[in-house]
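Dear colleague,

I am handing over the structure we spoke about, and below it you will find what came out of going through it. Please keep it open beside you while you read.

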Amino acid sequence: MDSKIELPYIENHSFQNELTSLLDEFEMLLTDFKKSKSDEVRKCILNKIEEVFDLLQKCYENKDGKIFLDELRDYSKKILKNDLDYFNRLNTNSQKPKNQFFESKISRFSLFILKIILFKNKSKITKNFQNGNLKREELTTDSGIAINLATILLNIDFKFSGIFSSLKKMTGENMSVVGCALELSTQESKWWLLSDKEKTPKTTYLHLDEGIGNPKAITYLSSVSQKNGPFSVIKNQDDIFKINYIQSLIGRAIGQVGRQNSKIKNLFNHKYHQTFGCKNFKELFELLPSIVKFNSHFGFDVKPNSLLEQKLIQNEIIFTGMPGKTVVFDGSSVLHRGGLIIEGERLALQIVLGKKEQFYYLNKILRYVKS
Ligand SMILES: [Fe+2]
């Protein structure tokens, strides 16, 4: 593994050479595809990932382990296909800035209108909170007319505030707001603490998002200080640690394994948001060679008082600010976190951005009518 500081995963494997060669071939194919966009190379990449997972079967002897790996293979392939679609549309000539984030703000007028539009949604989630419903999905609303109106308003604001032009510089693409969610974070929700609170690292919940090419933004609708869940990012993270592409893929897939429709779901007692909250699950993950091992939510896994923890915290940029403050970031390439409330509460809009589609609203209406 090409890392400057050791990630918190244990090395435990042989057949390293064979695997390393496969990974090198994989990276070369990927570099080729980013330039050539060739269908042939795409096919080779999809074959190569099968070879990698075929070799990884050597790590698992029992039936449950094999199912675990099969699920990891399926989710990794799904993410890989989405990544390849993104690389296919990406302009390889444009140089992306090193740090994939910036801060801005929406206008006072937009903030005022947003508060009116979202008044009912805010009342609903506040009521949920008062009734003791503290799960994140119960304190979030992301659909309905008000949310659609907020999305339209954000598109107008981002155009005039210059956020879209800054985004183009960051991503190389014309983007638009494709959705948003109103989210209330409260001090009663402590999902970011490990079950043994004392062992919670300072880096808890630092994570990378799954989908690449889909930047996000967060707009505060309440004042945010150090204590009520400021959003934060890690600057220059490549100077701290580096992962290869397969690690990135497995890191983004691992959180889905053994959940929902899994055949081995009953083996695990997953903790909300925490990939390795279950000991049985972590044991299966540990059987993988470290050259492919990664967890996109690895902030939970960092050892307290380690050098990695220290470096990450030193490089953390914390965004406090007044309502209207907006931070835009590519969540797949920048470690980030937010909503970890020590005291008080935070009301914010989580904003999803996507490649600008011509006649977006017309197409959306047509899709709605067809369904
Ligand atoms: Fe995220």
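In this predicted model, the C-alpha centres of domain 1 and domain 2 lie 27 Å apart. The domain assignment of the chain gives residues 16-92 together with 244-287 as domain 1, and residues 101-240 together with 308-370 as domain 2. Where the two meet, nine residues of domain 1 are in contact with six residues of domain 2. On the side of domain 1 that touches domain 2, helix α3 (residues 63-89) gives the most, with four residues, and the residues of that side divide into four nonpolar, three polar and two charged.

The next point is the nonpolar core. In soluble globular proteins, nonpolar side chains tend to be buried together. Here the largest nonpolar core has 67 residues, of which Ile250, Leu349 and Ile351 touch the most other members, and this core draws at least three residues from each of domain 1 and domain 2.

Which residues does Ile351 touch, if those up to four places away in sequence are not counted? They are Leu154, Val177, Cys180, Lys216, Ala217, Ile218 and Thr219. Two of these contacts can be followed through the strand pairing, since Cys180 stands opposite Ile351 in β9, and Ala217 also stands opposite Ile351 in β9. Strand β9 (residues 345-355) pairs with strand β3 (residues 175-186) in the antiparallel sense over eleven bridges, and with strand β4 (residues 216-220), again in the antiparallel sense, over five bridges.

There is also an open sheet to look at, formed by three strands in the order β6-β5-β8 with antiparallel pairing. Strands β6 and β8 (336-337) stand at its edges, each with a single partner strand, so one side of each is left without a neighbour in the sheet. Two bridges join β5 to β8, and Ser232 stands opposite Arg337 in β8.

Finally, please look at helix α10 (residues 307-314), whose buried residues are Leu308, Glu309, Lys311 and Leu312. Why do these residues lie on the same side of α10? They cover an arc of only 165° around the axis, which puts them on that same side. An α-helix has 3.6 residues a turn, so residues three or four places apart point the same way. The buried residues of α10 pack against β5 (231-234) and β6 (316-319), two of the strands in the open sheet described above.

With best wishes

Notes
Residues are numbered from 1 along each chain as its sequence is written. This is a predicted model: local features need pLDDT of at least 70, side-chain atom pairs count only at pLDDT 80 or more; totals for chains, interfaces and linings use all residues. A residue is buried if 20 or more other C-beta atoms lie within 10 Å of its own, exposed if 12 or fewer, and partly exposed in between; C-beta atoms are placed from the backbone. The arc is that of the directions from the helix axis to the C-beta atoms. Two residues are in contact if their C-beta atoms, placed from the backbone, lie within 7 Å. Two strands pair if DSSP finds at least two bridges between them. A nonpolar core is a set of buried Ala, Val, Leu, Ile, Met, Phe, Trp, Tyr and Cys residues joined through C-beta atoms within 7 Å. Domain bounds come from an automatic or database domain assignment. Ala, Val, Leu, Ile, Met, Phe, Trp, Tyr, Cys and Pro count as nonpolar, Asp, Glu, Lys and Arg as charged, and the others, Gly among them, as polar.
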